[in-house]
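Please open the structure in the viewer and keep the sequence panel visible beside it. The tour proceeds by selection, from the whole chain to individual side chains.

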Amino acid sequence: MKTTRRMLAATTTASASGSGPSGTPIRLFLAAQSTNLEHLTRDPLRVLVRSAFFVSGTELLLWGALFLVFLAPAERWLGTGRAVVVFATGHIVATLLTAWGVYVRIRWFHGPESLWNVQDTGASYGFMALAGIMVYRLRGWNRAGLLTV
């Protein structure tokens, strides 16, 4: 539970401070944290870590609720270390697969060069990995009901 609270606090703090002291719009700040091809080729470790903790202001309340509903039980069941490993692995692997797909689209299928700088931030990949583990844990009708949502 401690890690869930820390991740939620980090996401909230990072997202709330995203507008910057000079009034820079949040979308420009989020674009700077994006795991697009441009940023992944220049500084992959920085953007992989930072992008996991930035969400837009409108998504913040939703993510807060989802963290408490899914991440807290996942951390209780898996333990802090395993929950962090699942979250990080899901975030990193899905980000790299997504970036590879964008690269293939640009390189071999004549996709627009603007895809090189597409915005991709947020905790969704890591969250979905943990949510998937929690769905796996459920049995019977509980699992079927959650999968329909």
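A residue is called buried when its relative accessible area is under 20%, exposed when that value is over 50%, and partly exposed in between. The model shown is predicted.

**The whole chain**

Begin by selecting the entire chain and displaying it as a cartoon. The secondary structure consists of eight helices and zero strands, so that the pattern along the sequence reads α-α-α-α-α-α-α-α. Of the 149 residues in the chain, 35% are buried. Next, display the surface: the chain exposes about 9000 Å², and carbon and sulfur atoms supply 66% of that area. Consider also the contacts in the chain with a separation of 6 or more: residues 24 or more positions apart account for 74% of them.

**Helix H7**

Now select residues 124-137, which form helix H7. How many residues does helix H7 have, and what span should they cover? Helix H7 has 14 residues, which at 1.5 Å a residue should span 20 Å; the expected span is 1.5 Å times one less than the number of residues. The C-alpha atoms at the two ends are 20 Å apart, which agrees with this expectation.

Within this selection, which residues of H7 are buried? They are Gly-126, Phe-127, Leu-130, Ala-131, Met-134 and Val-135. Each of these therefore has a relative accessible area under 20%.

**Two salt bridges**

The count of salt bridges comes to two. For one of them, select Glu-38 and Arg-42 and show their side chains. These two residues form a salt bridge, with the closest N and O atoms 3.2 Å apart. Both belong to helix H3 (residues 37-42); because they are four residues apart there, about one helical turn separates them. Is Arg-42 buried or exposed? Arg-42 has 55% relative accessibility and so counts as exposed, whereas Glu-38, at 24%, counts as partly exposed.

Then select Asp-43 and Arg-46. Their side chains meet in a salt bridge, at 3.1 Å from N to O. Arg-46 has 27% relative accessibility and therefore counts as partly exposed; Asp-43, at 31%, likewise counts as partly exposed.

**A nonpolar patch on the surface**

Finally, select Trp-100, Trp-108 and Phe-109 with the surface displayed. These residues form a nonpolar patch on the surface, and together they have about 410 Å² of accessible area. To place the patch along the chain, select residues 80-108: this is helix H6, in which Trp-100 lies.

Notes
Residues numbered from 1 in each chain as written. Predicted model: local features only at pLDDT ≥ 70, side-chain atom pairs only at ≥ 80, totals over all residues. Heavy atoms only, no water. Patch = residues over 30% accessible without salt bridge, like charges linked within 9 Å, V, L, I, M, F, W, Y side chains within 5 Å. Areas by Shrake-Rupley, 256 points an atom, 1.4 Å probe, with all protein chains shown as cover. Salt bridge = Lys/Arg side-chain N within 4 Å of Asp/Glu carboxyl O. Buried < 20%, exposed > 50% of the residue type's maximum accessible area, 1.4 Å probe, protein only. Contact = heavy atoms within 4.5 Å.
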